[in-house]
Amino acid sequence: MGKRIGIGLLGLGTVGSGVAKIIQNPNGRNPLVKQVELVRVAVRDLNRPRSVSIPTSILTQDPQSVIDDPSVELVVEVMGGLEPARSLILRAISAGKSVVTANKAVIARHGEEIATAANSAGVYVLIEAAVGGGIPIIEPLKQSLGGNKIKKVSGIINGTTNYILTKMAKEGAAYIDVIKDAQNLGYAEADPEADVEGFDAADKIAILSGLAFGGPIERDKIPTEGISNLLSRDIDYAKELGYEVKLLAVAEKFQTNQTEGKAIPLAVWVRPTLVPSEHPLAGVSGVNNAILVEGDPIGEVMFYGPGAGAGPTASAVVADILNIAGISAIGNSKNKLDPLLAGSSWRNCQLEESRKFIQKNYLRLKTQDTPGVIGKIGSVFGDHGVSIQSIVQFDSQENDAEIVVITHEVSQGQFVDSLEKIKGLSEVKGLAAQMACI
Ligand code: NAP
Ligand code: HSE
């Protein structure tokens with residue numbers, strides 16, 4: 001039997017409890033699991049009932065004391081939030097301890113600071129659980145796909161919203177009723193606004209983009225729109241037109257003549273999106289996530305599986321713990337990091353402005369039900385070089401009509417300008433809904 005590794009666990013909620021259960025039940029798993037021992041566990045409330053039994057002697061409300069404990073060799077941060085999580089991760093690094101974290105909010109905003117500190121301290125910060133729950137996607141991007149030039153990473157990377165959208169589409173459920181289920185199932189963030197407003201997906205696509213394209217991007221500049229304004233009506237119309245509605249996150253190399261040595265331009269966005277029913281992402285339902293990676297020479301690969309919840313996320317956290325345990329088992333000395341596992345940045349990336357993004361669009365307009373309305377809308381789009389794929393009038397009530405338009409691919413600048421003109425037409429009562437379309 002090799003050397004035992006003392007784990008300091010920060011957080012014993014949904015994910016932390018899942019991790020503790022795996023460590024406490026090593027039989028039938030990789031033998032390295034037996035070498036891992038929970039030696040300290042930090043929680044906020046010592047009296048809260050737990051789904052896992054932890055000796056009270058190792059529980060504490062003081063997370064710093066966990067990091068400072070000499071028997072803790074590896075710190076596992078699954079408490080969430082920006083602070084004190086960021087400071088605790090940096091404290092662990094300063095103490096020469098590797099860190100495993102599921103905290104996408106911290107990594108998306110402070111990943112560079114943390115990676116720089118970890119590299120100079122000669123320790124690892126591993127983040128497999130931060131994106132896609134149980135789906136292995138971080139290590140594949142860092143290691144298995146390293147020989148590719150990545151063109152695009154896109155997918156469904158928030159389990160809560162995919163669960164809500166699936167229930168809305170299949171059962172006609174109201175969004176507000178479904179969100180409670182997602183919270184009870186342990187899918188939602190502590191503040192579920194992060195899920196439904198698309199912020200969690202934006203954190204995750206920022207992380208994936210950094211790994212896929214080799215350099216960090218400014219998280220706060222990612223155009224982000226969630227599902228809180230989405231109505232079942234638009235999901236139904238989309239279905240009639242042959243589409244499913246999904247919250248998509250996309251990071252794509254911008255098609256431009258790239259100058260050697262200049263930052264690589266990227267289009268990165270999060271939006272509710274119409275996905276054709278036959279597309280591989282259309283069938284991804286419930287809490288499942290899927291990430292499509294397009295690279296040269298591999299072509300297209302899809303990573304699919306449960307995107308949130310205790311068991312799947314703990315599976316990813318423990319995978320990272322075992323990576324550190326494996327390195328420790330071969331006695332690798334500190335300050336000699338495996339560059340693939342460390343996953344350092346190697347070039348600069350920059351976000352392209354959203355007016356230049358090339359996208360298809362879905363929109364629903366409320367208009368008067370008078371002759372010639374569709375013609376006028378079509379003319380404005382035509383004048384702005386926006387080509388229409390389909391334009392359909394749905395049920396009209398009294399004097400009102402609902403006109404649904406899907407455009408062909410067009411620059412968002414042209415589309416937005418034409419939409420402003422359309423909103424000004426006397427027959428148009430307002431823009432009722434707008435989404436991306438692929
Ligand atoms: P959670 O259920 O709310 O658990 C958070 C845990 O941290 C609780 O045990 C809480 O203690 C403890 N905690 C919070 N602040 C603390 C503080 N200042 N000092 C000591 N303990 C503190 O959250 P979760 O769902 O497990 O998520 C944890 C992290 O994993 C988050 O970063 C989240 O984004 C990420 N993640 C979650 C999922 C998922 O499916 N849930 C999936 C992937 C990633 P008490 O129990 O005493 O309140
Ligand atoms: N709240 C997140 C989700 C957890 O629903 O996807 C997994 O990161």
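**Exercise 1. Determine which residues Ile 137 touches, leaving out residues up to four places away in sequence, and place Ile 137 within the nonpolar cores.**

*Solution.* Step 1: With contact taken as heavy atoms within 4.5 Å, Ile 137 touches Glu 128, Val 131, Leu 208, Ile 291, Val 293 and Phe 303.

The model is predicted, so local features need pLDDT of at least 70 and side-chain atom pairs count only at pLDDT 80 or more, while totals for chains, interfaces and linings use all residues. Residues are numbered from 1 along each chain as its sequence is written, and side-chain values use heavy atoms, with hydrogens and water left out.

Step 2: A nonpolar core is a set of buried Ala, Val, Leu, Ile, Met, Phe, Trp, Tyr and Cys residues joined through side-chain atoms within 4.5 Å; buried means under 20% relative accessible area, exposed over 50%, and partly exposed in between (1.4 Å probe, protein chains only). The largest such core has 82 residues, and Ile 137 is one of those with the most contacts inside it, together with Ile 93, Ile 205, Ile 207, Leu 208, Leu 274 and Val 293.

Step 3: Helix α9 (residues 199–213) supplies the largest share of this core, 9 residues. Helices (H or I, at least four residues) and strands (E, at least two) are DSSP runs, numbered from the N terminus.

Step 4: A second, separate core has 37 residues, among them Ile 5, Ala 20, Ile 54 and Leu 126.

**Exercise 2. Establish how strand β13 (residues 358–368) is enclosed and identify strands that pair with it.**

*Solution.* Step 1: Of its 11 residues, 8 are buried, so β13 is largely enclosed by the rest of the structure.

Step 2: Two strands pair if DSSP finds at least two bridges between them. β13 runs antiparallel to β17 (residues 428–437), with 8 bridges; here Lys 360 stands opposite Cys 437.

Step 3: With β15 (residues 400–407), β13 forms 7 bridges, again antiparallel, and Tyr 362 has Ile 406 as its bridge partner.

Step 4: β16 (residues 410–411) is joined to β13 by 2 bridges, also antiparallel; Gln 359 is partnered by Val 410.

**Exercise 3. Give the strand order of the parallel open sheet and locate helix α3 relative to this sheet.**

*Solution.* Step 1: The 6 strands follow the order β3-β2-β1-β4-β5-β6.

Step 2: β3 (59–60) and β6 (125–126) each have a single partner strand, so one side of each lacks a neighbour in the sheet.

Step 3: β4 (residues 74–77) and β5 (residues 98–101) share 4 bridges in the parallel sense, with Val 76 partnered by Val 100.

Step 4: Helix α3 (residues 85–94) packs on the sheet, touching β1 (5–10), β4, β5 and β6. Its direction makes about 150° with that of β5, where axes are lines fitted to C-alpha atoms, for helices over the stretch in contact, and angles run from 0 to 180 degrees between N-to-C directions.

How values were computed
Chains lettered and ligands numbered in written order.
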